[in-house]
Amino acid sequence: MARTPVLSTRLLLVCAAIGVATGIIGGIAGWVTIPVLAGPVFLYGLVLGSHVLPGIIAQEVLRRPLVALITHVIAALVASAFNPAWSLRFIGTALLFGAIQEGVAALTRYRAWGAWRFFISAAVIGVIVAVVVFFAAHLGTLPPWAQVLYLAISVVGPVAWTAIGLAVGASLSRAGVARR
């Protein structure tokens, strides 16, 4: 009897569909980045948090290893079509966020799919984003209230987008996308 491959065609097609849809959102986030960085910079964590969607939706729908990483890379390629100058940033973000989401899932041996697991990966992503962008963008020059607001929004942003991603993933599952 033939063995079912880990990455079946069905699985890859679902990852591609989710990646294209969330890649469009990532492209829009790329367009919004410059005005946000030029103005209310403390909102950047909310914009960057949208990039958690590909992996969250894919893992919620498929509940399989590697789907977050595959979907993130596809989404990054689609987002790059919207803003080619940001291609390396999109791909780097996709690899980082996808690896964190896969890592948290791997810690539970891909057996625990409760919402808590998704929110843990979102919080980890939020903290990493908050710290890295804070120093890379020299946000220490902002007034203290803006620094605190930036750090809070950078952690809350991915968590909020994760809640949205879980709702979308649950809807797709109810629609039969994950049926075998």
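Trainee: Hi! Is Phe134 buried or exposed?

Mentor: Hello! In this predicted model, Phe134 counts as buried, because its relative accessibility is 15% and the cut-off for buried is under 20%.

Trainee: And Phe135, buried or exposed?

Mentor: Phe135 is exposed, with a relative accessible area of 59%.

Trainee: Where do aromatic pairs come into this? How many are there?

Mentor: The count comes to 5 aromatic pairs. One of them joins Trp113 and Phe118: this pair is tilted, with 6.2 Å centre to centre and 35 degrees between the planes. Phe134 and Phe135 form an aromatic pair too, and theirs is edge-to-face, at 5.4 Å centre to centre and 85 degrees between the planes.

Trainee: Back to the tilted one. Are Trp113 and Phe118 buried or exposed?

Mentor: Trp113 is buried, with a relative accessible area of 13%. Phe118 counts as buried as well, at 0% relative accessibility.

Trainee: Which residues form a cluster with them?

Mentor: Tyr110 joins in, so to speak: Tyr110, Trp113 and Phe118 form one aromatic cluster.

Trainee: What sits over the ring of Phe118?

Mentor: That would be the charged end of Arg117, 4.2 Å from the ring centre. Another arginine, Arg89, lies over the face of Trp86, at 4.5 Å from the ring centre.

Trainee: New topic. What about Gln59, where is it?

Mentor: Gln59 is in helix α3. Gln59 is buried, with a relative accessible area of 0%.

Trainee: Which residues is Gln59 in contact with?

Mentor: If you leave aside neighbours within four places in sequence, Gln59 is in contact with Val67, Ala68, Gln101, Glu102, Ala105, Trp113, Arg117 and Phe118. You have met some of those already: Trp113 and Phe118 from the tilted pair, and Arg117 from over the ring of Phe118.

Trainee: What about the rest of helix α3, how many of its residues are buried?

Mentor: Helix α3 covers residues 53–62, and 10 of the 10 are buried, so the helix is largely enclosed by the rest of the structure. Among them are Leu53, Pro54, Ile57 and Glu60.

Trainee: What do they pack against?

Mentor: The buried residues of α3 pack against α1 (9–38), α4 (67–82), α5 (87–107), α6 (115–136) and α7 (144–174).

Trainee: What comes after α3?

Mentor: Arg63 follows α3, and the phi of Arg63 is positive, near 50 degrees.

Trainee: Let's talk about empty space. How many cavities of 30 Å³ or more turn up?

Mentor: A search of the whole structure finds 1. The largest cavity has a volume of about 100 Å³.

Trainee: Which residues line it?

Mentor: The lining of the largest cavity includes Thr22, Gly26, His51, Pro54, His72, Phe90 and Thr93. The elements giving two or more residues to that lining are α1, α4 and α5. Of these, α4 gives the most, with 4 residues.

Trainee: How does that lining split by class?

Mentor: The lining of the largest cavity has 6 nonpolar, 6 polar and no charged residues.

Trainee: And pockets? How much space is in the largest one?

Mentor: About 410 Å³ lies in the largest pocket. The elements that give two or more residues to its lining are α1, α2 (44–49), α5 and α6.

Trainee: Which residues lie nearest the centre of that pocket?

Mentor: Of the 20 lining residues, Tyr44, Leu48, Arg89, Thr93 and Val133 lie nearest the centre. By class, the pocket lining divides into 15 nonpolar, 4 polar and 1 charged.

Trainee: Tell me about Leu48. Buried or exposed?

Mentor: Leu48 lies in helix α2 and is buried, with a relative accessible area of 11%. Not counting residues up to four places away in sequence, Leu48 touches Thr93, Phe97, Val129 and Val133.

Trainee: How are Leu48 and Gly126 separated?

Mentor: They are 78 residues apart along the chain, and their C-alpha atoms are separated by 9.2 Å. Now look at Val131 and Phe118: they are 13 residues apart along the chain, with their C-alpha atoms separated by 20 Å.

Trainee: Where does Val131 lie?

Mentor: Val131 lies in helix α6, and Val131 is partly exposed, with a relative accessible area of 43%.

Conventions
Residues numbered from 1 in each chain as written. Predicted model: local features only at pLDDT ≥ 70, side-chain atom pairs only at ≥ 80, totals over all residues. Heavy atoms only, no water. Buried < 20%, exposed > 50% of the residue type's maximum accessible area, 1.4 Å probe, protein only. Contact = heavy atoms within 4.5 Å. 1 Å grid on protein atoms, 1.4 Å probe; cavity = no way out; pocket = protein on both sides within 12 Å on 5 of 7 lines; lining within 4 Å. Points joined across faces, edges and corners; volume = space filled by probe spheres on them. Nonpolar A, V, L, I, M, F, W, Y, C, P; charged D, E, K, R; others polar. Phe/Tyr/Trp six-rings, centres within 6.5 Å; stacked < 30°, edge-to-face > 60°. Lys NZ or Arg CZ within 6 Å of the ring centre and 35° of its normal.
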